[in-house]
Amino acid sequence: MSESRPSLALSEQERAKIAAVDVRVATGGLDDVLSLLRMLVEPSWAVRRAVVAGLAALGDAALPGLAQALRSERDSETRIAAAVDAFSASSGKAEQAALSLAADPNPAIAADGAQILGRRRVVAALPALEALIHGPDDNVAVAAIEALGRIGGGRALDSLVAAAQGSSFFRAFPAIDVLGRTQDPRAVAPLAALLSNPLYALEAARALSRTGERAAVAPLSQLLSSRSGANLRIGAVALAELYEQAELRYGTAASIVEALRPLAQSPALAERLARSLPDADSAEQIAICVVLGALANEEAIGALSRLVESPPPIGPAASKALNRLGRDAQAELLRVIRQGGTQQRLAILPFLSSTDAKELVVDCLRDDDSAVRVLACATLAKFGDPSVVGALFERLEDSDAEVAQAALSAIQALGGPLTEQLATALARSPVANLRRSALRILAYFGFPGALDVFIDVMNDDDARLRELAVNGIALIDGDRAMRTLLVASTGASPRTRAVAAKAMGQRRDDSRVIGALMDALRDADPWVRYYSCQSLGKLEWNDAAPRIEELLRDPAGQVRVSAIEALSHLGGDRARRALLNAATSEDVDLARAALIGLGIAPHSDALPTLLSASTAADPTTRLMALSALSKFESPKVLEVLIRTLGDADPSVRNAAWGFLAARSGADATAALVEQLRIGKNVERAVAALASPTRGRVGDIVSNLRKAEESTARGLVSALARIGTDDAMAALVLAMTGETPIVRRIVAPVLGALGTRESIDALRRAETHDPDPEVRRICALLVPS
Amino acid sequence: MSKPTIAPQVLAILSALVEAKTGIHYGIDDAALLTDKVEARARELGFDSLLDYYYLLRYDDADSREFDALIDVLVVPETYFFREFDAVKLVVSEFLAPAVAAGKRPRVWCAACATGEEPLSLAMLLADRGILGDVDLVASDISLRVLARARAGKFGGRALRQIPDPELASRFIDTRDGVTRVRSELAASIDYRRVNLTESRAVADLGLFDVVLCRNVLIYFKLETTVQVVENIQSALVPGGALFVGVSESLLRLGTALVCEERSGTFLYRKPG
């Protein structure tokens, strides 16, 4: 039982207590149960969880004690919560005992009983729970409402609708909230009806937004046509939430966007939305931007483009909304950019994705504002059409250095037949900056025809030009280029020698570079030694290891680090021993470089050092250790990754989530499913599960079969977000699975995906599914 | 030459180095911003690997010359004349003018002043009351480049994006050919210093102040650094002295010994007297 726990996260004392719990559970006598019941107030969450799991595993033997604790030992909230958890998860026949608790005259005990019935999804308890909704105590009624929401199904839904429409304010509100959280398509119509009741409109709108259902778009859209600014904002917030929910659950909000499309015809709606921004709070402002993006008409795009430069949260939200616009909106984007000024160009250029815009973007290269010119360069690079390089070469002469740099980057990204010719001509320019740009381009592509240009430049007074030429020569095959490179490596200028040493790391094909690099390890200049080490490592020249090891004692820090990096690539026992020594060096950069190196060729010898570094006080060292550990297959690494999901430093946490997401294997998937089950980081866990690693779809499907409802929802979302053919096939197949609750969860997802296969699956389930609830849900989802 | 690329590990060591030396915190969300700025500087020096550039900073920059150049690239001189001007007026009316009237020579420090628009706005108000020569006006920043610009007294058009008191501005500011200049006696009245706010010794060397303005700066620091910077500033205040922070900043979560007060809608923090 304790084997699967991340033992590194526990103290010695906690580990001992958990081991004792395991022994008690294995023995299972009355004394053991009593002892475990006393441990329900353990201060350690980890120990308490083990106790709860143990009592649940003991089943019927523990139920009387748990019931007794809930009835008579209510002095501790911790004990009550733990007892309810154990009762809810009990493997025993807990239904009758829970019903008895729910019938207790003490409202607090009755509420606990209702909660347990809900968590155990006791369908037979529906009449009792319905009675509690109408009972005298509001708290008990709310617990019963929550329980009905968990049990789900048509009858529970009807009871919740009745509660939502009832006269008790205190019961209607939670009922509306629960209806939204059921994510049951049948909740949409009754919630929509409540929008007309001013008392409940806001809550109903919130609940509708949580359904993620396309059918909720129409009633929520009506709020946007209200004369009241408050209603307009409520509608925007709800529609934006609906959009987000759909994206989270189905991996796409396409069905919501499609349902919103008729709104684009509403006259002046975009303008009204934009005008309402000053009165809106930050959440409303973000929502208004989302709705403007979903409208995607010219008016809405114009409004968004004017908002992009607003301070947060409006500016970033407007950018995000523009970024979400698909190819469909390109025509509107172009219209707005054509009619707009600098601000519109700045706002919209990053989001153009159509080569139809090429001419317009080339025009922007001559905009008065340098920021527009920079963006235009980047946009043309993104389009990937090399026919524009002529216009970009003109911008190399731009008075603004950032524009010239952007043009250079764009030319390097585009290449094309004109580039060599234009760059060769520019290399003869009398202007030093232009010659540098030309050399950068020629060196980047390593055009063989540029060798003469490079050789000429080797005699230039400008050191930077010589360095660029060396870089270019390294990319050109042939003896003449190699001889020039070798001469440069022994030249008078340390910088040129350093660049040559670096460049030689790219010449795997010529043995002469090894001799030159080995000589350069003794160069007087530390940067020459630095790059020589680096290049020998890149070339994986194992014979250099002894000489490189000597450089671990070099007076220059950067050379010592470079020696470590080189040894990481060379491998072998000696190199690994050197890395292990360096990993505990007092020079943090040397130690970090060694940690990274130990991950390049994973070896079990390195594991203890890396595991130890993963608990270092310094977050950067933890991050390095984690990066290296992620390359190891050991189960201990999984434990570290799980522990590090809760690291105090956000960068380390982020990296741990990334590594766990990218890790293949059933254990890694199970670890993410456990995060989903714990429920603290549901969105991150779903996103991580949605990383399509090898075997991930199959692992998710295996977990789906045994998952509780909330976990199953996350798993289904992950499959939808993976979006590959096998994931889609798994979703369709899940509609024929054994568990009705999974089929109920999958059905709306298939409806939202709207593919031929998914709709066919819904049609089949509409008529043939053995579960009447599933049939009713599918009937709502199948397009008429 | 290819565009420098940055791995998360390199970003982590670079941001840790910047934070250790300046206090400026670059979190995960600022990765692109930091990368862009460091890349630009590394490219200028001919580095196409940011790790190589990092090792230059770490092992081959004993006189900190390159790190200073990097700070110049990283620091955003985002300020303008008359920014959050009510607080500046309050500094003059409630603290400096009464102290001068009482025969004292008050000292005021504009911490992290960027290109100097804030101390110059303060100087305008003091000159307007005829007490500019009676107040010690110190302004500091970590970037030598922005301090050089502040000393030059020339500004672009965006420095005048808000002019709450056009009459005052017209008496001290002259804009011709797209260049904004302030009257030379204002610039001459300010003692510009280079100060790293995280270094307690450097702050202590400035002496004690009646008022410190440190506005829209603390947002760039992590909580621990903010606590340290506020402690440094607190030590630089005379008993009863006041610290002004930006309107969107609050010290209440820091557990500082400074006492928050509200005057005419402006919040300030007083050192118990």
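Chain A comes out all in helices as far as regular elements go, with 50 helices and 0 strands. This is a predicted model, so everything below is read off computed coordinates. Taken along the principal axes, the C-alpha atoms of chain A fill a box of roughly 100 × 70 × 45 Å. Of the 784 residues in this chain, 52% are buried. As for how the chain folds back on itself, take the contacts in chain A with a separation of 6 or more: 62% of them are between residues 24 or more positions apart.

Towards the end of the helix numbering, one pair is worth a look. Helix α49 of chain A spans residues 756-768 and helix α50 of chain A covers residues 772-781; their axes come within 8 Å and cross at roughly 135°. An angle of 65 to 115 degrees would count as roughly perpendicular and one over 145 as roughly antiparallel, and α49(A) and α50(A) are therefore oblique to each other. The crossing of α49(A) past α50(A) is left-handed. On the α49(A) side, the contact is made by L762(A), A765(A) and E766(A), while α50(A) brings in V774(A), R775(A), C778(A), A779(A) and L781(A). Sorted by type, the residues of this contact come to 6 nonpolar and 2 charged, with no polar ones.

Over in chain B, strands do turn up. An open sheet of 3 strands runs in the order β3-β5-β4 (chain B), and the pairing is antiparallel. The edges are taken by β3 (154-155) and β4 (173-176) of chain B; each has a single partner strand, so one side of each is left without a neighbour in the sheet. Strand β5 of chain B, residues 179-182, runs antiparallel to β4(B), and 4 bridges join the two. To pick out one position, I173(B) has V182(B) in β5(B) as its bridge partner.

That leaves the meeting of the two chains. Here 23 residues of chain A are in contact with 15 residues of chain B. On the side of chain A that touches chain B, the elements giving two or more residues are α28 (432-445), α30 (463-474), α36 (557-570), α38 (588-600), α40 (619-629) and α42 (650-662) of chain A. By residue type, this side of chain A is a mix: 10 nonpolar, 8 polar and 5 charged. Charged residues thus appear here, as they do in the contact of α49(A) with α50(A), but polar ones, absent from that helix pair, number 8 on the side of chain A that touches chain B.

Methods. Residues numbered from 1 in each chain as written. Chains lettered and ligands numbered in written order. Predicted model: local features only at pLDDT ≥ 70, side-chain atom pairs only at ≥ 80, totals over all residues. Axes fitted to C-alpha atoms, helices over the stretch in contact; angles between N-to-C directions. Parallel < 35°, antiparallel > 145°, perpendicular 65-115°, else oblique. Left-handed = near helix turned anticlockwise from the far one by under 90°. Contact = placed C-beta atoms within 7 Å. Nonpolar A, V, L, I, M, F, W, Y, C, P; charged D, E, K, R; others polar. Pairing = 2+ DSSP bridges. Buried ≥ 20, exposed ≤ 12 C-beta atoms within 10 Å, placed from the backbone.
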